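Visitor: I am new to this structure and would be grateful for a close look at a single part of it. Please take the interior of the protein as the subject, and set it in its surroundings.

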Amino acid sequence: MTSNPAEHPVLTDTSTDHEQDIAAIRQIIADVEKAFNTNDPDLMVAHFARDAAVVNAVGARMSDWDTLVQANRAGLAGFLRDQYVRYEVADIRFVRPDVALAHKTARATTADGELIDAEPSMIALYVLVREQGRWWVVARQNTLIPTA
């Protein structure tokens, strides 16, 4: 079967001014960064839907809020305790007025915020849905970026 790109739909929503939505999504990612850097597992999942699904950087799939909280508590109290990160929102795209895809990159930093990684070491895809007047993360996929 051959495929003609002209027959494929463009699914980016252009019907809505998303300026406030973009600011809210950027804040969610900033909160996750703050949670990581301060070892705060509750803030880490504060914006996740109860039935959210996450694939972490080593490929483990977790679904449901309680599992995410437990994994974050263990990680932030354990092997991630003295790790620090800086996130950068790479893009945000709306596929519907109430559904967004956001990519963030991550680089390791010192406790003072000085960059360790010259290039991003991870990229993450967030799927967000607006519900109850705010944005919720319903899925996140983390992927390590191989070093050259």
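**The interior and the largest pocket**

Guide: A suitable place to begin is Y126, which touches I29, V32, F48, A100, L101, A102, K104, V137, A139 and R140 when residues up to four places away in sequence are left out of the count. The model in view is a predicted one.

Y126 belongs to the largest nonpolar core, a group of 30 residues in which I25, F48, Y126 and L128 touch the most other members. Two or more residues of this core come from each of α1, α2 (41-44), β1, α3, β3, β4, β5 (122-131) and β6. The greatest contribution is that of α1, which supplies six residues.

These elements take their place in a simple overall plan. The protein has three helices and six strands, and their order along the sequence is α-α-β-β-α-β-β-β-β. Among its 148 residues, 33% count as buried. Of the contacts with a separation of 6 or more, 50% join residues that stand 24 or more positions apart. Along the principal axes, the C-alpha atoms fill a box of roughly 50 × 40 × 30 Å. The exposed area of the protein is about 9100 Å², and carbon and sulfur atoms supply 53% of that area.

From the core one may turn to the largest pocket, which holds about 730 Å³ of space. Its lining consists of 30 residues, and those nearest the centre are F36, N56, A57, L80 and N142. The elements that each give two or more residues to this lining are α1 (19-38), β1 (48-55), α3 (65-77), β3 (84-96), β4 (99-109) and β6 (134-144). Here α3 gives the most, with five residues, whereas in the nonpolar core that role falls to α1. Sorted by class, the pocket lining comprises 21 nonpolar, six polar and three charged residues.

One of the residues nearest the pocket centre, N142, merits separate attention. N142 lies in strand β6. Its relative accessibility is 8%, and because the limit for a buried residue is under 20%, N142 counts as buried. Apart from neighbours within four places in sequence, N142 is in contact with V55, N56, A57, M122, I123 and A124. Two of these partners, N56 and A57, are also listed among the residues nearest the centre of the pocket. A further link across the sequence concerns G59: N142 and G59 are 83 residues apart along the chain, yet their C-alpha atoms are 7.9 Å apart in space.

T105 offers another view of the strands. T105 is placed in strand β4, and its relative accessibility of 15% falls under the 20% limit, so T105 counts as buried. With residues up to four places away set aside, T105 touches R86, Y87, E88, P120, M122 and I123. M122 and I123 appear among the contacts of N142 as well. For T105 and E7, 98 residues apart along the chain, the separation between C-alpha atoms is 32 Å.

Two loop residues complete the picture, and both concern the backbone angle phi. Most residues other than glycine have a negative phi. N39, however, has a positive phi near 55 degrees and is not a glycine. N39 is found in the loop between α1 and α2, and its relative accessible area of 22% makes it partly exposed, because that value lies between the limits of 20% and 50%. Q132 is likewise not a glycine, and its phi is positive at about 55 degrees. Q132 sits in the loop between β5 and β6. With a relative accessible area of 69%, Q132 is over the 50% limit and therefore counts as exposed.

In review, the interior may be followed from Y126 and its contacts, through the core of 30 residues, to the lining of the largest pocket, where N142 lies among the residues nearest the centre.

Terms used: Residues are numbered from 1 along each chain as its sequence is written. This is a predicted model: local features need pLDDT of at least 70, side-chain atom pairs count only at pLDDT 80 or more; totals for chains, interfaces and linings use all residues. Side-chain values use heavy atoms; hydrogens and water are left out. On a 1 Å grid over the protein atoms alone, a cavity is a set of points where a 1.4 Å probe fits but cannot get out, and a pocket is an open set with protein on both sides within 12 Å along at least five of seven lines; lining residues have an atom within 4 Å of a point. Grid points are joined across faces, edges and corners, and a volume is the space filled by probe spheres set on the points. Helices (H or I, at least four residues) and strands (E, at least two) are DSSP runs, numbered from the N terminus. Ala, Val, Leu, Ile, Met, Phe, Trp, Tyr, Cys and Pro count as nonpolar, Asp, Glu, Lys and Arg as charged, and the others, Gly among them, as polar. A nonpolar core is a set of buried Ala, Val, Leu, Ile, Met, Phe, Trp, Tyr and Cys residues joined through side-chain atoms within 4.5 Å. Buried means under 20% relative accessible area, exposed over 50%, partly exposed in between (1.4 Å probe, protein chains only). Contact means heavy atoms within 4.5 Å. Accessible areas come from the Shrake-Rupley method with a 1.4 Å probe; for residues, only the protein chains shown count as cover.
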